[in-house]
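Take a walk through this protein chain, one region at a time. Keep the sequence and the 3D view side by side as you read.

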Amino acid sequence: MRGDRLFAILYLLAERGSMTAGQLAEQLEVSVRTIYRDIEALSVWGAPIRTEAGPGGGVSLMEGGALDKALLTAQQQRQVLMALENFSVAGGGGEQTLARLRAFFGQSEQSWIEADFSSWGGGRDQGQFALLRQAVLERREISFDYLDRQGKASPRRARPAKLIFKTSAWYVQAFCLSRQAWRSFKARRMHNLTLEEERFPPLSPPPLEPPPQAFPLVKLWFAPEHESRVREEFEPEQIKPLPSGGFLVQAPLPADDWLAGYLLSFGGGLRALDPPCLELRMRQKAERILADFYDSEKFSEITDIQLSAERAYDKGNKGDKRQKGE
């Protein structure tokens, strides 16, 4: 819609200072002639726009210029602020523009939402997210090592089209040049991420994932003690409370090793009812975990480190007791 594009021009000029008509046309995916018509319309409506011809010229907002409040209704003002706030909390920037518009519209600076997509333990997520966002916005290729569900790494080169936050993780939807196909890469499995100089034209990615019917219907029983986690991680229509206090869950899921490991994270108090192969996978995975637990030779190096730490701890405690006269 033209109204959206006109505001987008004002937003871009407020955020970046000065842009050429060609840059605006490329950003908004319209012709340069359309941009000139939009600028003329904004000038007629009282928008403080200045144009300068020749080298170093461009389009900008006038010094001290302000947008006419009459251009936006109260509802439109709220929609604009909400859109910019969502953009800001998702790491898109624009905080200064948001603050200026809040002050101009006379709106409170209290934010209604806050989002932090980084992990509690470290800052790798935030730096990686910024690099991926730059790659998408600048349409630059990326290279990285990708770990599959079995932990096997493979070198990849891709053209990222979109960042998607789904459930509890970031995904990068990209055309994988190594596989010559669209892929959805889980950001946490991407390592040694590098932003390349090669650029690519605009891309139109397909839907993020196949429909749920592509997965078999898995039937699970959970004991009552898992109620909070079951209700948090499954959809309400997938959960059926039982007279015993437990829960029957039916959901389309990939009946593979990943699901077996996920279900084992509940500990006890669950059964995989269908398909039968899932319970077998869980038993095999649990047996491997138990075997590793008792395989002292496999973890001899770790055991030696643990024993050294225990000896140092005991020695330190004895020294403290001698100083205290115990």
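A nonpolar patch is made of Val, Leu, Ile, Met, Phe, Trp or Tyr residues that have over 30% relative accessible area and no salt bridge, with side chains joined within 5 Å. In this predicted model, Leu290, Phe293 and Tyr294 form such a patch on the surface. Together they have about 430 Å² of accessible area. Leu290 sits in helix α9.

Now step back to the whole chain. It has 326 residues, and 30% of them are buried. The secondary structure comes to 10 helices and 12 strands. The accessible surface is about 21,200 Å². Carbon and sulfur atoms account for 53% of that surface. Consider next the contacts between residues at least 6 apart in sequence: 55% of them join residues at least 24 apart.

Go inside next. The largest nonpolar core has 19 residues. Leu220, Phe222, Phe234, Val249, Leu259, Leu263 and Leu278 have the most contacts inside this core. Which elements each supply at least two of its residues? They are β9, β11 (247–252), α8 (257–264), β12 (270–274) and α9 (276–294). The largest share, four residues, comes from α8. Another core lies apart from this one. That other core has 16 residues, among them Phe129, Trp170, Val172 and Ala174.

Return to Phe222 in the largest core. Leaving aside neighbours within four places in sequence, Phe222 is in contact with Val230, Phe234, Gly246, Phe247, Val249, Leu263, Phe266, Gly269 and Leu270. Now look at His226. It lies in the loop between β9 (217–222) and α7 (227–233). Is His226 buried or exposed? His226 has a relative accessible area of 12%, so it is buried. Not counting residues up to four places away, His226 touches Phe266, Gly268 and Gly269. Phe266 and Gly269 are thus also among the contacts of Phe222.

Sheets come next. Strands of a sheet pair through backbone hydrogen bonds, either parallel or antiparallel. One open sheet here has three strands, in the order β1-β3-β2, with antiparallel pairing. Its edge strands are β1 (18–19) and β2 (49–52), and each pairs on one side only. Strand β3 (residues 58–61) pairs with β2 over four bridges. For Thr51, the bridge partner in β3 is Val59.

Some backbone details deserve a look. Most residues other than glycine have a negative phi, and most peptide bonds are trans. Arg139 is not a glycine, yet it has a positive phi of about 50°. Arg139 is found in the loop between α6 (124–138) and β4 (140–147). Its relative accessible area is 24%, so Arg139 is partly exposed. Gln180 also has a positive phi, of about 55°, and is not a glycine. Gln180 belongs to the loop between β6 (169–176) and β7 (181–186). At 55% relative accessibility, Gln180 counts as exposed. The peptide bond from Asp274 to Pro275 is cis, with omega near 0°. Pro275 lies in the loop between β12 and α9.

Finish with the charged side chains. Side chains of opposite charge can pair when their charged atoms come close. The whole structure holds 12 salt bridges. In one of them, Glu196 pairs with Arg157, and their closest N and O atoms are 3.7 Å apart. This pair links distant parts of the chain, 39 residues apart: Glu196 is in strand β8 (residues 190–199), and Arg157 is in strand β5 (residues 153–166). Glu196 is buried, at 17% relative accessible area, whereas Arg157 is partly exposed, at 26%. Both belong to a network of salt bridges that links Glu141, Arg157, Arg159, Glu196 and Glu198.

Helix α7 offers another pair. Glu227 forms a salt bridge with Arg231, with the closest N and O atoms 3.1 Å apart. The two are four residues apart in α7, so about one helical turn separates them. Glu227 is partly exposed, at 35%, and Arg231 is partly exposed, at 44%. The side chains of Glu279 and Arg271 also meet in a salt bridge, at 3.1 Å from N to O. Arg271 is partly exposed, with a relative accessible area of 43%.

Terms used. Residues numbered from 1 in each chain as written. Predicted model: local features only at pLDDT ≥ 70, side-chain atom pairs only at ≥ 80, totals over all residues. Heavy atoms only, no water. Buried < 20%, exposed > 50% of the residue type's maximum accessible area, 1.4 Å probe, protein only. Contact = heavy atoms within 4.5 Å. Core = buried A, V, L, I, M, F, W, Y, C linked by side-chain atoms within 4.5 Å. Areas by Shrake-Rupley, 256 points an atom, 1.4 Å probe, with all protein chains shown as cover. Pairing = 2+ DSSP bridges. Patch = residues over 30% accessible without salt bridge, like charges linked within 9 Å, V, L, I, M, F, W, Y side chains within 5 Å. Salt bridge = Lys/Arg side-chain N within 4 Å of Asp/Glu carboxyl O.
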